[in-house]
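Please find below my notes on the model you sent. They are set out as numbered points, to be read beside the coordinates.

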Amino acid sequence: TYWHGTSIYTRAHRVAVVSLADGTVQYADGPGADGVIVSSDGKRVITSADDGSRHIVGYRCDPDAETVCTVDWSADAQVPHERLAGFIGAGERFVTVGNWRFVVRDTETGEVRAMLPYPAATVAGAVVSPDGTRLLVRSNTQFYLWNTAVWGKLEQIAMEGRPFVKYAFHPTRPVLAVIRAGQTLIKYLDANTGAVVRKFNWKLGEMRAVCFSPDGTLAAAGSAKGKIVVWDVDE
């Protein structure tokens, strides 16, 4: 699910666009989707299909148009279990990850621009930072961090003990907020090296969610007890 401007883009077997103004839902024509990413300008939506074809599908979208999203192109998956990660650079390309490979594609056409090695056979989660400069992938046992401008440089973070299950990139700084399964701490990691730079224990019990505000001035986290804490990132 992605929030962009006055609309929320989500997957509901098809791409669904929910208006924040009146709650109306518009469904895009196209195959089913089990993953969705949205460009920063809201004009491009990429999905991975769930119809058995393992296609990657590109939509051109306009929330104000009568037909909110239309299929622009469709491309075959290149590796087993290919998963959408996010848009990189200025949004002209996007990246997917699957067994042992990254795939970098052209946003406008879906054409493959590069295939790069990924050092694992499993992908438990993948996300790109809001500015498109960093990629995080979680396997069953490791965290991997890349600078998307220098693909050869890899930082690997061993997940000793419980895995990191929730994580969020700061929108403008090289900071990654993470939560380990079953733990009460929020940690800030250096998004270039994976080193822990700050820890927070808000005494709310087990933490379940973490995020940053769009302008990066605030952070928020939620606990299993239903309590939410919001704090100033600079404090």
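**Notes on the predicted model**

R44, R60, D72 and E108 are linked in a network of salt bridges. The points below begin with the model as a whole, return to that network, and then turn to rings and loops.

1. Overall content. This is a predicted model. The chain has 23 strands and zero helices. Of its 235 residues, 45% are buried. Among contacts with a separation of 6 or more, 34% are between residues 24 or more positions apart. The exposed area of the chain is about 11600 Å², and 50% of this area is supplied by carbon and sulfur atoms.

2. Salt bridges, R44 and E108. The whole structure holds nine salt bridges. One of them joins R44 to E108, with 2.8 Å between the closest N and O atoms. R44 is in strand β6 (residues 44-49) and E108 is in the loop between β11 (101-106) and β12 (112-117), so this salt bridge ties together parts that are 64 residues apart in sequence. The two partners differ in setting: R44 is buried at 4% relative accessibility, whereas E108 is partly exposed at 43%.

3. Salt bridges, R60 and D72. Within the network named at the start, R60 also pairs with D72, the closest N and O atoms being 3.3 Å apart. R60 belongs to strand β7 (residues 55-61) and D72 to strand β8, 12 residues apart, and the pair is one that links distant parts of the chain. R60 has a relative accessibility of 41% and is therefore partly exposed. D72, at 37%, also counts as partly exposed.

4. Salt bridges, R113 and D106. What is the distance between the closest N and O atoms in the salt bridge of R113 with D106? It is 3.7 Å, which lies within the 4 Å cut-off for a salt bridge. R113 is partly exposed, with 42% relative accessibility, while D106 is buried, with 14%.

5. Aromatic pairs, W73 and F94. The structure contains 14 aromatic pairs. In one of these, W73 and F94 have ring centres 6.1 Å apart and planes at 15°, so the pair is stacked. W73 is in strand β8 (residues 69-76) and F94 is in strand β10 (residues 93-98), so the rings tie together parts that are 21 residues apart in sequence. W73 has a relative accessible area of 8% and is buried. F94 is buried too, at 0% relative accessibility. Strand β8 thus appears twice in these notes, with D72 in the salt bridge to R60 and W73 in the stacked pair.

6. Aromatic pairs, Y144 and W146. A tilted pair is formed by Y144 and W146, with 5.8 Å from centre to centre and 40° between the planes. Are these two residues buried or exposed? Y144 is buried at 4% relative accessibility, and W146 is buried with a relative accessible area of 4%.

7. Aromatic cluster and a charge over a ring. One aromatic cluster is made up of Y188, F200, W202, F212 and W231. Elsewhere in the list of ring contacts, R180 lies over the face of F164, 4.3 Å from the ring centre.

8. Loop residue G182. G182 sits in the loop between β18 (175-180) and β19 (185-190). Its relative accessibility is 35%, so G182 counts as partly exposed. Which residues does G182 touch, not counting those up to four places away in sequence? They are R162 and E206. G182 and E206 are 24 residues apart along the chain, and 5.6 Å separates their C-alpha atoms.

9. Loop residue S129. S129 is found in the loop between β13 (125-128) and β14 (134-138). In contrast to G182, which is partly exposed, S129 is buried, at 4% relative accessibility. The side chain of S129 makes a polar contact of 2.7 Å with the side chain of D131. Not counting residues up to four places away in sequence, S129 touches R134 and F169.

Note on methods:
Residues numbered from 1 in each chain as written. Predicted model: local features only at pLDDT ≥ 70, side-chain atom pairs only at ≥ 80, totals over all residues. Heavy atoms only, no water. Helix = DSSP H or I, 4+ residues; strand = E, 2+ residues; numbered from the N terminus. Buried < 20%, exposed > 50% of the residue type's maximum accessible area, 1.4 Å probe, protein only. Contact = heavy atoms within 4.5 Å. Areas by Shrake-Rupley, 256 points an atom, 1.4 Å probe, with all protein chains shown as cover. Phe/Tyr/Trp six-rings, centres within 6.5 Å; stacked < 30°, edge-to-face > 60°. Lys NZ or Arg CZ within 6 Å of the ring centre and 35° of its normal. Salt bridge = Lys/Arg side-chain N within 4 Å of Asp/Glu carboxyl O. Polar contact = N/O pair within 3.5 Å; in protein donor to acceptor, adjacent residues only side chain to side chain.
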